[in-house]
Amino acid sequence: EKVSQKETAFFRLTKNQDGSSRRRIAESIKTPSVTVDAIVTRPKAGDANAQEILLITRGRPPFVGHYAFPGGFVDYGEDPKVACVRELREECCVEGYEPELITVAGKADRDPRKHVISIVYAV
């Protein structure tokens, strides 16, 4: 039986009538997706006490047209810090270095598509 990438399955081995073993899904557990966001700031020109922050305008649902931090989904097997720098480069053509953890957000209904855990870094 097939299991989607977003589910973890527990299997139970059962015996067929001919004595061979057969794998059956005993229980399926849904797991949240993981995303990263990059917070990038720089000093504001002409005002040493002010900072500017890098935002993108979302082009895809949900929240098309709204401002957001650059970021996206972590690929399977990818380190979240590497994903953060990759997403920043892909979305903004900005090279980031040494991401520093700011917070983790994971409220289940935060994203209307599915349960998403976001790891936010200062880059």
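**Salt bridges in close-up**

Arg86 is buried in this predicted model, its relative accessible area being 13%, which falls under the 20% limit for that class.

**View 1. Arg86 and Asp75 meet in a salt bridge.** The closest N and O atoms of Arg86 and Asp75 are 3.6 Å apart. Arg86 belongs to helix H1 (residues 80-92), whereas Asp75 sits in the loop between strand S8 (71-73) and H1, so the contact ties together parts that are eleven residues apart in sequence. Asp75 has a relative accessibility of 43% and therefore counts as partly exposed, while Arg86, as already noted, is buried.

**View 2. Arg86 also forms a salt bridge with Glu90.** Here the N to O distance between the two side chains is 3.3 Å. Because Glu90 and Arg86 are four residues apart in helix H1, about one helical turn separates them. Glu90 counts as exposed, with 52% relative accessibility.

**View 3. A network of salt bridges links five residues, namely Asp75, Glu78, Arg86, Glu87 and Glu90.** The pairs shown in the two preceding views, Arg86 with Asp75 and Glu90 with Arg86, involve residues of this network.

**View 4. Arg42 and Glu52 form a salt bridge.** The closest N and O atoms of this pair are 2.8 Å apart. The salt bridge links distant parts of the chain, since Arg42 lies in strand S4 (residues 41-44) and Glu52 in strand S5 (residues 47-53), ten residues apart. Arg42 is exposed at 54% relative accessibility, whereas Glu52, with a relative accessible area of 30%, is partly exposed. In total, the structure holds seven salt bridges, and the one between Arg42 and Glu52 is among them.

Terms used. Residues numbered from 1 in each chain as written. Predicted model: local features only at pLDDT ≥ 70, side-chain atom pairs only at ≥ 80, totals over all residues. Heavy atoms only, no water. Salt bridge = Lys/Arg side-chain N within 4 Å of Asp/Glu carboxyl O. Helix = DSSP H or I, 4+ residues; strand = E, 2+ residues; numbered from the N terminus. Buried < 20%, exposed > 50% of the residue type's maximum accessible area, 1.4 Å probe, protein only.
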